[in-house]
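Biologist: I would like to learn how to read a structure with two chains. Could you take me through one, step by step?

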Amino acid sequence: MARPRLGNIQVIKVRNLHKYFDALHVLKGVSLDVEYGGVLVLIGPSGSGKSTLLRCINFLEEYEEGEIYFEGKFVGYREGPNGRRVRDRESNIINLRSKMGMVFQTFNLFPHKTVLENVMEGPLIVQRLGAKEAKERATAILNRVGLDDKLESYPSTLSGGQQQRCGIARALAMQPKVMLFDEPTSSLDPELVGEVLIVMKDLANEGMTMIVATHEMGFAQEIADHVAVLDQGNIIEYGSPEQIFSNPENPRTADFLRRVTRRNVLDDPGHA
Amino acid sequence: MDYSWKFSVVWDYRDVFFQGAVVTGQLAFYSIAIGLSLGLLFGMARASSIVVLRWPTAVFIEFFRSTPTLVQLVWIYYALPIITGRQLGAMEAVIIGLGFHTAAYVAEIFRGGINSIDKGQGDAAKALGMSYLQSMKRIILPQAVRRMVPPFMNEFANLMKLTTLASVLAVYELMHESQNLISHTFRPLEIYTALAVGFFLLIFPIIYASQRLEKYWRVRG
C-alpha cells in the first residue's frame, strides 16, 4: 500500500493506562503507540474498553493511572506541587483536543445547525477563522465527503450515512493531526455502512493518522497497519492485520473472530 | 337573585385599574429580570462539578422552593431590616422576594433543560476544542432553551399571579387598588370580576405566544 510516511515518530503514546468507573476497572494497563500516518484498528467485544480508550486519548474521560502522550505532551495532567499529578489547565486540554478529530458512534451532530454550520463551527469558534475562510474550508471538505448538495440541510433530514459523513467532515475541518473513530458505522443500517467506510479509506490512503474502533473486520483488514484486540480492559493481542486475522495466537482472539465472522455471514445473506 | 350589576363602576375608576396594572407590570418585569439572570447563574452553578458552587446554590434554591412566597416577602420586609438595620421600601422588598423566588424555580428549569440535552452534544463540542462557556452558549443552551420555554411561561404566569401578594405590604398593584376601590364603592362583585379579567388579559397573551412559538419550532425542527 503506497501511503506517505513521516518515519517512526509517535503521535500517540499510551503507557500502562488504567481507567475506573467507580468500582468498575475498565482499562487495566493498556499501552500502545501510533506513528504519524499510521492506522491502528481496535477490535474486541462490546464492553472491552475500546470506546473508553479513545475517549481517554482526547481526554473526554479522565484516567486514574498511566500516561497518554500526544506529540510528546502529557494529555490532561501536569506535575502538581507535591509531586502528585493534577488536572492540567483547561486551555492546554482544549488545545490538545482541537488537534484531534473525534467521530462518534451516534454522530452527535448539532441538530439546530445546518450541515455547513456544523462543519464551520470548529474553525469559526475554536480556531477563530473568518466567516469566509471557514465557509470555504467547510465547503471543500463537505465536497470531499460527497455532501456538497446538502449544505443547507438540517441533520435530522439526512440518512445515517450522510450524518456520519457530516460528522467526519466536522472533525476534519479542524485539520487534526489524528482522527479517532469510535465505532463510526455501528449505528448505521447495513446498506449505509459502505459509503462511510469509503470516506475513511480515502482518508487513510491520504496519510491521515487514525485510530479506529470497529466491528467491520473486512474493513479493518483492509486499512489497518496494526490491529489491537481488546478484551476486558486488556490488549490481549497486537500485530499486523495479516497475523491477527489469519493466524491469531490468543485463543480468545480466535474465539472472538469466529463469533464476529459468523454474525457477519448471518447479516449478509449474499456471503452465505 | 336580583342583584343589579353596575359595571360602570369599573369604567369610572379605570384610571385606578390602569395605575395598578402598571405597578403589577413593574413588579413582574423586575422580578423576572432578577429571576432570569440569577436563575441562569444558579442553574449553571448547580449543574457544575465544582462543589463550592453547587452546594450553596442548592441550599438557596431548596430554601426558596420549600417556603411559602408570602412568608418570604413578609420576612424580607419586616425581619431582614432587624438584621441589616436597613429598611427596604415595600416595592423593593417585593421585587427582591419575587425575584429570588423566581430565580430558584428558573434555576431548576435551566438545570433540567441543560441535563435534558444528550450528553453526546457536550462531548462533540468538547472534542472540537470548545471551552465550557462556548459549548454552553453555542451548542447546549440554544437547544435547551427551546425545551425550557413551556416551563418558563408557566413560571411567568405564576409570577404574575404572585404579584398580588404585594398587596400585603401595601404596594399599590392591581389587587391592592381593587381592595381600596371596594371599600370605597361597596362593589366587590364587579371589581373582583374586573380584576380577574384584567389578569387574564395580562397573562393569556404570554401563554398564547409560547404555544405559537412551540408550534413554530416543532415545524422547523
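Biologist: How many residue pairs are in polar contact between chain A and chain B?

Modeller: Good place to begin! This is a predicted model, and between chain A and chain B there are six residue pairs in polar contact, with both residues at pLDDT 80 or more. On the chain A side, helix H2 (90–97), strand E8 (100–103) and helix H3 (115–126) each supply at least two residues that touch chain B. H3(A) gives the most to that side, with four residues.

Biologist: Which classes of residue make up the side of chain A that touches chain B?

Modeller: Sort them by side chain: that side has twelve nonpolar, five polar and six charged residues.

Biologist: How many salt bridges does the rule find across the interface of chain A and chain B?

Modeller: A salt bridge is read from a side-chain nitrogen of Lys or Arg within 4 Å of a carboxyl oxygen of Asp or Glu. Here the rule finds two across the interface. Arg55(A) forms a salt bridge with Asp123(B), and their closest N and O atoms are 2.9 Å apart.

Biologist: How many residues does the contact take from each chain, and what area do chain A and chain B bury between them?

Modeller: From chain A come 23 residues, and from chain B come 19 residues. Together the two chains bury about 1800 Å², with 58% of that on carbon and sulfur atoms. In chain A, the residues that lose the most area to chain B are Phe110(A), His112(A) and Ile125(A), together 27% of what that side buries.

Biologist: Now for a sheet. What is the order of the strands in the open sheet of four strands in chain A?

Modeller: Read across the sheet from one edge to the other. The order is E2-E1-E4-E5, with antiparallel pairing. Strand E2 (24–35) and strand E5 (73–74) of chain A are at the edges with a single partner strand each, so one side of each has no neighbour in the sheet.

Biologist: How many bridges join E1(A) and E2(A)?

Modeller: Strand E1 (residues 10–21) of chain A pairs with E2(A) in the antiparallel sense over nine bridges. To see one of these pairings, find Lys19(A): its bridge partner in E2(A) is Leu27(A).

Biologist: Finally, which helix of chain B has the lowest mean pLDDT among the elements of that chain?

Modeller: Think of pLDDT as the predictor's confidence in each residue. In chain B, helix H9 (residues 188–220) has the lowest mean, 88, and helix H6 (residues 119–128) the highest, 97. For chain B as a whole the mean is 91, and 98% of its residues reach 70 or more. The model scores ipTM 0.90 and pTM 0.81.

Technical notes. Residues are numbered from 1 along each chain as its sequence is written. Chains are lettered from A and ligands numbered from 1 in the order in which they are written. Side-chain values use heavy atoms; hydrogens and water are left out. pLDDT is the predictor's confidence in each residue, from 0 to 100. Contact means heavy atoms within 4.5 Å. Buried area is the accessible area (1.4 Å probe) that two parts lose on being put together, summed over both. A polar contact is a pair of N or O atoms within 3.5 Å; within protein, one must be able to donate a hydrogen and the other to accept it, and residues adjacent in sequence count only if both atoms are side-chain atoms. Ala, Val, Leu, Ile, Met, Phe, Trp, Tyr, Cys and Pro count as nonpolar, Asp, Glu, Lys and Arg as charged, and the others, Gly among them, as polar. Two strands pair if DSSP finds at least two bridges between them.
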